[in-house]
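Subject: Handover of a structure and notes on it

Dear colleague,

Please find below the structure that I am handing over to you. I would be grateful if you would look through it alongside the notes that come after it.

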Amino acid sequence: MRPQHVLGGTFKLLDGHEIPLVGFGTSPKTWLTGWKWSQLEMDTAIEAALGSGYRLFDTANFYDNDDVLSNAFNKLLPNFNLTREDIFITSKVEIIIPNIQENTHRILDKSIKAFEYLDLILIHYPKYEALAAPGIGPRRENDSKDNQNDRYEIYNVLEEYKDKGKILSIGVSNFEPRHIEELLPKVKYPPTVNQCEFHPHLCRPELKKYCQENGIFLQAHTSLARNNEELYNEHVLKELAAKYSTSLQHILLAFAYKQNVGVIPKSVNPERIRRNLKFLDIDLSDEDIKKLLTLDKGYKGHYTPCIQWNIL
């Protein structure tokens with residue numbers, strides 16, 4: 001990504017590249033049943049996002065939208081006097097067994113053909129997950145000793161692509177500190193990013209501290225907790241929304257951002273895409289953050305199927 005003023009600022013990664021703190025998510029509507037974006041929906045969303053100032057765009061092989069997303073960029077970037085170098089594209093690759101290396105090459109080649117190169121690639125999950133890639137390989141249990149070898153095998157392929165300049169930065173997603181620690185003695189490039197579920201019901205203080213101490217950028221997914229009714233009824237959250245005359249969603253986004261945790265909100269609605277950025281105007285105090293941290297429910301507060309803390 002070309003150095004420039006970026007809305008919301010940037011974070012300097014361990015490898016020297018800079019990543020925007022605020023991005024636009026393109027995940028499916030539902031995790032299991034999926035929901036592929038139509039070209040019109042993607043064009044409309046990307047036009048609103050680019051016009052509003054978003055410069056980081058988050059996707060994944062599992063989302064199956066490389067085609068419509070790359071088409072949208074090819075069509076719309078010139079309208080804003082932007083080029084590929086003016087945006088930051090994150091993608092994710094999942095572990096698929098058997099033939100991890102072959103499958104990873106196939107996925108990366110497809111994405112690189114679509115986007116020229118990837119600013120950041122993340123390992124989507126710390127083990128092969130049959131739900132994400134049904135019918136491809138045998139089930140991997142959470143306590144399987146093969147999980148560690150699988151993570152190293154896929155990471156090794158990502159390093160090959162970084163050496164060739166096709167990937168600029170490497171990171172992980174839904175990884176625990178122990179998963180990262182196991183990789184460090186074996187890899188050439190340490191992970192620069194860890195993308196995990198993060199909101200007041202799942203604050204992950206130990207994980208956040210580990211990432212901060214090791215220079216790893218923590219990026220939140222599911223910042224809005226999938227509109228969980230229990231969270232949205234929390235008195236503290238409602239109190240702060242009233243204090244700042246804003247929405248509950250804006251408080252949740254500001255909660256992460258004020259802690260230097262990246263956010264990637266998603267919407268297909270142009271007005272909501274623009275409105276989501278209003279959280280940047282909210283200056284939560286340290287006391288506000290402390291109040292929200294008291295809502296932490298630990299592992300019981302997760303609202304996605306990502307339960308990586310049980311994985312060996």
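The notes below take up the sheet, an annotated residue and the salt bridges in turn. Please keep in mind that this is a predicted model.

**The sheet**

Seven strands make up an open sheet, and their order is β3-β4-β5-β6-β7-β8-β9. The pairing between them is parallel. At the edges lie β3 (23-25) and β9 (217-221), each of which pairs on one side only. From one strand to the next, the twist averages 25 degrees.

Within this sheet, β7 (residues 167-173) and β8 run parallel and are joined by two bridges. Serine 173 has glutamine 195, in β8, as its bridge partner. Helix α4 packs on the sheet, where it touches β5, β6 and β7. The direction of α4 makes about 160 degrees with that of β7.

**The annotated residue**

Which residue does the UniProt annotation "active site" cover? According to that record, an unreviewed entry, it covers Tyr63. In the model, tyrosine 63 sits in the loop between β4 (56-58) and α2. Its relative accessibility is 12%, so tyrosine 63 counts as buried. Leaving aside residues up to four places away in sequence, tyrosine 63 touches Thr26, Ser27, Pro28, Asp58, Lys92 and His124.

**The salt bridges**

Side chains of opposite charge can pair when their charged atoms come close. In this model, the count comes to 18 salt bridges. Three of the pairs are described here, followed by a network.

One salt bridge brings together the side chains of aspartate 119 and arginine 84, at 2.9 Å from N to O. Aspartate 119 belongs to strand β6 (residues 118-123), while arginine 84 belongs to the loop between α2 (66-76) and β5 (88-93), so this pair ties together parts that lie 35 residues apart in sequence. Are these two residues buried or exposed? Aspartate 119 is buried, as its relative accessible area is 2%. Arginine 84 is buried as well, with a value of 8%.

Another salt bridge joins aspartate 163 to lysine 188, and the closest N and O atoms are 2.8 Å apart. Aspartate 163 is in helix α4 (residues 146-163) and lysine 188 is in the loop between α5 (177-183) and β8 (193-197), so the pair ties together parts that are 25 residues apart in sequence. Aspartate 163 is partly exposed, with a relative accessible area of 44%, whereas lysine 188 is exposed, at 53%. The helix that holds aspartate 163 is the one that packs on the sheet.

A further salt bridge is found between the side chains of lysine 291 and glutamate 239, with 3.9 Å from N to O. This pair links distant parts of the chain: lysine 291 lies in helix α11 (residues 286-293) and glutamate 239 in helix α8 (residues 235-243), 52 residues apart. Lysine 291 counts as partly exposed, at 32% relative accessibility. Glutamate 239 is likewise partly exposed, with a relative accessible area of 36%.

Finally, there is the network. Arg140, Asp146 and Asp150 are joined into one network by salt bridges that share partners.

With kind regards

How values were computed. Residues are numbered from 1 along each chain as its sequence is written. This is a predicted model: local features need pLDDT of at least 70, side-chain atom pairs count only at pLDDT 80 or more; totals for chains, interfaces and linings use all residues. Side-chain values use heavy atoms; hydrogens and water are left out. A salt bridge is a side-chain nitrogen of Lys or Arg within 4 Å of a carboxyl oxygen of Asp or Glu. Helices (H or I, at least four residues) and strands (E, at least two) are DSSP runs, numbered from the N terminus. Buried means under 20% relative accessible area, exposed over 50%, partly exposed in between (1.4 Å probe, protein chains only). Two strands pair if DSSP finds at least two bridges between them. Axes are lines fitted to C-alpha atoms, for helices over the stretch in contact, and angles run from 0 to 180 degrees between N-to-C directions. Contact means heavy atoms within 4.5 Å. UniProt positions are given in the numbering used here, feature names are shortened, and annotations may be inferred rather than shown by experiment.
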